[in-house]
Amino acid sequence: MSTFGLEKTFTPKRLAIVGGSPRSSSIGAIVLRNLVTGGFAGEIAVVNSRYGRIGDQRTYPSLTSLPFVPDLIVVTTPAASIPEIIREAGGLGVAGAVIISSGLGHGAGSIAEAVLQAANARGLRIVGPNCLGIIFPAIGLSASFAARQPVSGSLALISQSGAIAAAMIDWGAEKSVGFSGIVSIGDQLDVDVADLLDYFALDSNTRAILLYVEAVKDARKFMSAARAAARIKPVVVVKSGRMAQGARAAATHTGALAGSDAVYDAAFRRAGLLRVYDLRELFDCAELLGRHVDAPKGKNLTILTNGGGIGILAVDRLAELGGNAPALDAAIVAKLDAVLPPTWSRANPVDIAGDADAERYLKALDVLLADPASHALLVMNVETAVTPADQIAHAVAERVRAHRAAAGYTAKPVLAAWVGTDQLVAPIFDKAAIPHFPTEDDAVRAFMHLVKHDEAMKSLMATPPNLSSLFAPDVKAARSTIDNALAEGRSWLDPIEISRLFAAYSIPMVPTLSAATPDEAAGRAEPFLAQGMPVAIKILSRDITHKSDVGGVKLGLATKVHVQAAAAEVMANAKRLRPEARIDGVMVQPMIVRAAARELILGIAEDPTFGPVIVFGRGGTAVEIVKDKSLALPPLDMNLANDLVGRTAVARLLPAYRDVAAVPPDAVPLTLVKLSQMAADCPEICGLDINPLLADENGVLALDARVAIRKAEKPVAGQSRFAVRPYPSQWEGQLKLRSGETVAVRPLRPEDEPAIAGFLSGISQEDLRLRFFHAVKDFSHQFTARLTQLDYARSMAFVALGAKNEIMGVARLHSDSRYEKAEYAILIDSKLKGKGLGWALMQLLIDYAKAEGLKYLSGQVLHDNTTMLTMCRELGFGVTTDPQDASVALVSLDLSAHAGAGPAASSAQSIPA
């Protein structure tokens, strides 16, 4: 839906260069030369009012003087002339423009703004400005000033840097790795990373996507597109600016821990993208993906080598990166004993000795390819005088090719590293489509990239547990606490308010009592002292957030006299060091002694690009020094929370060890989920940390916390402050059918996957054909996960539920990236048709689309689906025949003009609009 106009832009039949030049070194001349030498088969015209001809090409004074209307124009003229060029092109119906020129400026009043306004007014797509251009080798389209022409292949490259794109083109030419498309996006005036992810995700010529990112402009759009693309094919991303330091002046520990690159890392992980950290790693991934190597079934790598030392180095690197070199079982050892000399290593790495020839390699290779304990095989060679390296490479390549032909999709991935002779044997492995690397380190890293991508896909597709039975927050109480503080003009909650906020989300916190005077403090402490519990006294001031900085904390007080004296002292300290601060008294807290407790930090930070971020790590006073932390974008479920915890070193201390009992497995992850829900329910929270959170066999307990608040901005239709939009609970309610019967309805959840699979299995083949346009028999986990894992931003679905919570019907909607148009689809249980459920769900979709600020609702309906077409007409949809397929009707509803019609007009009850 975000790809409108891009099909013609990237596969034009006619194009024009605006600004061609006879000067051979000019951008315009280079672009023209690349188009001609690249073999573009369509019509090419040159627009330049200063010259009658440029080389062999006749020129035209303007776009309107051309003998045809181009699908694409490539603009290389000075910046000032470009707005008028775009207006002229839009008026002719040109689909897209690649603006290579720079110097258009940014923001209000700039040339760039004028260009975008002209393009948007006429539906023309803009790539650039300030970009290298676009290249689609399969059709010979090289609308760029790149120095080399890439070959056709299956990798798509999206780059914010023209230099990086040029480097990848050079690398591909050297390695004979081809591309399905290369787009340098430059300033992203219109077409951005998200649009291109949408385009290449659905491009049948693209097997994997390589992405170079410097910064993301629209986090919500990016995350939606990235998550959708990653579910379909591998997406590898490298980002520059990793060492930029963020949040140095953050008021909370959590904010200081959430550096900008760490947030990007969390975003890429949440989207299911495989992140690499430099061009070398990007090249390695391209090497794998360009050779059509499938992900291994696990992280067990068997290494075959003629050099023991290099094999050990490979195993060391594998262990460092989290991989595994499995031991050879007795049966495999016996088979290798039968074909190898007694000098072989009899272990993994399988060292077949420096005098190994091609025949010895092949004998070992046959055994190891059949080893079920191994998920992939790395074959390495260090050249000796016994057998030339290229001879062994030829033998290995042919045997691997035969193995693939025989095993098909079950073939074991094979990588190669011919150390010191990679360039010599490169053509051999290239021809056999075997990924090859110059060193053992490169090869092992590449293997682990495959493993990590497979793990990311499993995480992306995982079905989370249902949280509704684990906790039910008191949102009203939480919001009341925050609203009262904001009404007083405060930006921090005081400790008493924090304890109320945490109680609303069932987050255990040490009891906190307030006392206005030292005498009152002694009285408040008495019940704790009577139980043998010493107490802590802390200054109570809404103007002092870091209490220890003003001597505002006293610990281990065992008598009322000590409590009274400590309270007087901390109040005096605060008045002396912060005379402007309002002192409300002190807090009295029992000293919690949990000898085996682990000190943790949990919190919410605010990132300027991606919004709220959840932080977890080792807590205590040395939190900034230890720097053991991980981040995740909310909303979190238990799967995501467990992953967040598992990415820290302190996670290894949570299970039992020695005489220390284990922390209950769900205690910490569930607390993170509660914080995530709090961030969703209370957008006024702009910073929060709990430090420390004690965790032991009794569960968790917050000892200290800070919460920063500010007035929340009014949400814009179709947007959320979360980069990943949270579950929209406000759309839970009832639908009233024409019969008067009511059914429950709510947004679809990821944990509904088993129920959706059951629902689909009960639908008749004819109804499935009408919904999916073809027969569907495979309701695999991957298929149903894609249906249930929504981003609630561009994609939304509602389920109608029966008395036993069985799914009766599903209605879904998917909007374009501009949040103007949306496509819909509805599927009803075949046994329940005729009761008006389809009407009710359609009206619900219309109400939801209006509430989100969408302008049009459309769909594709088979002409023989007469029930759906009748309903659409009665609801006011326009109906036309698809010009590309006479069997399909296109239906569209102008939401701004729709006021409700037919029986569905009053069908949605208790649903917000």
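Q: Which sense do β1 and strand β2 pair in, and over how many bridges?
A: In this predicted model, β1 and strand β2, which covers residues 43-47, pair in the parallel sense over 5 bridges. Within that pairing, the bridge partner of Arg14 is Glu43 in β2.

Q: And how does the chain cross from β1 to β2?
A: The chain passes from β1 through helix α2, residues 27-38, before it reaches β2, and this β-α-β crossover is right-handed.

Q: What about β5, how many bridges join β1 to that one?
A: There are 4 bridges between β1 and strand β5, residues 72-75, and these two strands run parallel. Ala16 stands opposite Ile73 in β5.

Q: Why is β1 largely enclosed by the rest of the structure?
A: Strand β1 spans residues 14-18, and 4 of its 5 residues are buried, so β1 is largely enclosed by the rest of the structure.

Q: Switching to the largest nonpolar core, which residues touch the most other members?
A: That core has 64 residues, and Ile134, Leu197, Phe222 and Phe610 are the ones that touch the most other members. Apart from this core lies another, of 55 residues, which includes Leu737, Leu845, Leu875 and Leu895.

Q: What is Ile134 in contact with, leaving aside its neighbours within four places in sequence?
A: Among the residues in contact with Ile134 on that basis are Phe10, Leu72, Val98, Val127, Leu141 and Ile182.

Q: One last thing: where is Arg794, and is Arg794 buried or exposed?
A: Arg794 sits in the loop between α26 (781-788) and β32 (795-801), and Arg794 counts as buried because its relative accessibility is 5%, where buried means under 20%.

Q: Which side chain does Arg794 join through a polar contact?
A: The side chain of Arg794 is joined to that of Asp198 by a polar contact of 2.6 Å.

Terms used
Residues are numbered from 1 along each chain as its sequence is written. This is a predicted model: local features need pLDDT of at least 70, side-chain atom pairs count only at pLDDT 80 or more; totals for chains, interfaces and linings use all residues. Side-chain values use heavy atoms; hydrogens and water are left out. Buried means under 20% relative accessible area, exposed over 50%, partly exposed in between (1.4 Å probe, protein chains only). A polar contact is a pair of N or O atoms within 3.5 Å; within protein, one must be able to donate a hydrogen and the other to accept it, and residues adjacent in sequence count only if both atoms are side-chain atoms. A nonpolar core is a set of buried Ala, Val, Leu, Ile, Met, Phe, Trp, Tyr and Cys residues joined through side-chain atoms within 4.5 Å. Contact means heavy atoms within 4.5 Å. Two strands pair if DSSP finds at least two bridges between them. A crossover is right-handed if, with the strands pointing away from the viewer, the path from the first strand over the helix to the second runs clockwise.
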